[in-house]
Amino acid sequence: MSRHSQDERLGLPQPPARLPLLLLLLAVAVPLSQAGVYYATAYWMPTEKTIQVKNVLDRKGDAYGFYNNSVKTTGWGILEIKAGYGSQSLSNEIIMFAAGFLEGYLTAPHMDDHFTNLYPQLIKKRSMLNKVQDFLTKQDQWTRENIKYYKSDPFWRHADYVMAQMDGLFAGATKRAVLEGKKPMTLFQIQFLNAIGDLLDLIPSLSPTKNSSLKFFKRWDMGHCSALIKVLPGFENIFFAHSSWYTYAAMLRIYKHWDFNIVDKDTSSSRLSFSSYPGYWPSYNIPFHEKVYNWSGYPILVKKLGLDYSYDLASRAKIFRRDQGKVTDMESMKYIMRYNNYKQDPYSKGDPCNTICCREDLNSHSPSPGGCYDTKSTQRELLELGRNQAKLSSAKFYLFEETRACQFFIKKGGRHLPGIQVQSLCHQWAHRTRWPPCFPLEPF
């Protein structure tokens with residue numbers, strides 16, 4: 001098949017005869033026209049030093065894969081990309097660039113929607129935008145300078161791979177937009193999406209408030225996720241799970257599977273599966289390691305605001321310690337990670353976010369549209385098979401527009417999630433979030 005085919009319009013070609021098992025399962029389970037499965041292959045053109053892309057799945061290509069836009073049916077998009085297994089030998093940097101290009105090309109509309117939803121959550125003033133842009137620009141320049149200076153250092157060599165992937169992501173998203181006659185995302189917008197976690201700390205530091213008193217400190221600002229690692233008593237199995245917390249504007253999610261053929265003695269793993277936007281050991285946004293705990297100022301928070309900010313006596317610490325012994329299989333692991341019984345649980349003290357799976361929209365004093373919206377879980381046996389499971393909350397979410405406002409309803413989805421109707425909090429969102437008009441989420 002010629003690499004110079006001019007057919008680059010986005011479409012839904014029939015899958016080739018030989019497909020990865022996951023792709024075959026997707027193709028069998030849902031018709032292509034309904035599933036929104038898009039295939040593409042990226043080819044590195046060494047003479048032109050550029051990427052050509054085709055809407056086919058070609059194992060001889062330098063990067064190939066698919067994107068299943070199943071957000072409307074499962075709440076998740078699924079991305080799978082393999083790179084560096086093609087017919088030509090490429091450097092690690094080119095492999096990463098090709099992988100990033102293909103991801104940007106396949107997911108550009110999803111990325112644009114995600115930026116539209118999250119930008120107004122973080123950038124409130126034009127002056128803050130300028131400060132964030134300046135910071136990210138300087139960080140980008142500093143990173144690239146260090147990559148050039150420390151070429152033999154394993155850390156900076158791998159930083160080079162990541163930057164190549166980022167450059168490819170930007171180029172691929174631009175290619176998709178140009179082909180569809182749309183305005184491409186800027187490099188800053190791509191950087192913004194990749195820096196969300198850092199911006200939560202960066203923005204307050206760039207614009208400190210006049211009144212820095214701890215009495216204005218919000219506990220919700222400190223909590224964003226719950227995680228648990230559980231080893232069974234006989235060491236016969238180990239379970240891992242993570243529940244995401246953040247604004248509901250961040251609910252456009254992609255589960256990614258990467259397999260990049262990187263040849264580097266210092267590379268730990270070239271295969272990753274993760275949600276994008278991660279003995280008995282819990283995590284709940286309070287540092288476990290003593291040095292990090294002290295450096296982060298938690299002893300001061302405990303002294304001023306109480307034991308809810310201590311690692312051992314925070315509400316989630318108590319709940320995990322009390323209930324982790326009940327985890328004996330995947331179903332009980334999923335249950336504890338989606339647990340919210342704030343009205344009856346004494347450790348929650350009536351607070352819908354003093355629990356494993358937060359519901360800030362149920363806060364009776366100052367509700368906001370945020371909280372726990374997905375849970376990922378896996379176990380040793382699945383890891384050995386190279387698989388994992390993503391389980392969403394058993395609540396059902398419906399979002400729709402009605403006379404310039406959206407309404408947010410929660411239908412009863414289990415005895416551990418309150419089955420109450422909550423009036424819209426979307427008046428706090430002046431922008432239009434790019435969600436499907438109906439967003440039913442069932443565990444899958």
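This is a short tutorial dialogue on reading a few features of a predicted model.

Student: Let's start with helix α4. How many residues would a straight helix need to compare with α4, and what span does α4 have?

Tutor: Happy to begin there. A straight helix of 31 residues would span 45 Å at 1.5 Å a residue. Helix α4, residues 92-122, spans only 35 Å between its end C-alpha atoms.

Student: Where does α4 bend?

Tutor: Look at Thr 107, where α4 bends by about 70°. A proline, Pro 109, follows within four residues.

Student: Is α4 largely enclosed or open?

Tutor: Count its buried residues, taking buried as under 20% relative accessible area. In α4, 22 of the 31 residues are buried, so this helix is largely enclosed by the rest of the structure.

Student: Now for a strand. How should I read the two faces of one?

Tutor: The general idea is that in a regular strand the side chains alternate between the two faces of the sheet. Take β7, residues 253-260, as the case here. On one side are Arg 253, Tyr 255, His 257 and Asp 259, and on the other are Ile 254, Lys 256, Trp 258 and Phe 260.

Student: Are those faces of β7 covered or open?

Tutor: Both faces are covered, and eight of the eight residues of β7 are buried.

Student: Which strand pairs with β7 over eight bridges, and in which sense?

Tutor: That is β4, residues 76-83, and the pairing is parallel. To find the register on screen, start from Ala 83, which stands opposite Phe 260 in β7.

Student: Let's try loops. Is Lys 124 buried or exposed?

Tutor: The cut-off for exposed is over 50% relative accessible area. Lys 124 has 64% relative accessibility, so this residue counts as exposed. You will find Lys 124 in the loop between α4 and α5.

Student: What does the side chain of Lys 124 reach?

Tutor: One partner is the backbone oxygen of Gln 121, at 3.4 Å. In addition, a polar atom of the Lys 124 side chain lies 2.9 Å from the backbone oxygen of Pro 120.

Student: And Asn 237: buried or exposed?

Tutor: Asn 237 sits in the loop between β5 and β6. With a relative accessible area of 8%, Asn 237 is buried.

Student: Which polar partners should I look for around Asn 237?

Tutor: Its side chain makes a polar contact of 2.7 Å with the side chain of Gln 379. The Asn 237 side chain also reaches the backbone nitrogen of Arg 380 at 3.4 Å. Leaving out residues up to four places away in sequence, Asn 237 touches Lys 230, Val 231, Leu 232, Gln 379, Arg 380 and Glu 381.

Key: Residues numbered from 1 in each chain as written. Predicted model: local features only at pLDDT ≥ 70, side-chain atom pairs only at ≥ 80, totals over all residues. Heavy atoms only, no water. Helix = DSSP H or I, 4+ residues; strand = E, 2+ residues; numbered from the N terminus. Expected span 1.5 Å × (residues − 1). Bend = angle between axes of the 7 residues up to and from the residue. Buried < 20%, exposed > 50% of the residue type's maximum accessible area, 1.4 Å probe, protein only. Pairing = 2+ DSSP bridges. Polar contact = N/O pair within 3.5 Å; in protein donor to acceptor, adjacent residues only side chain to side chain. Contact = heavy atoms within 4.5 Å.
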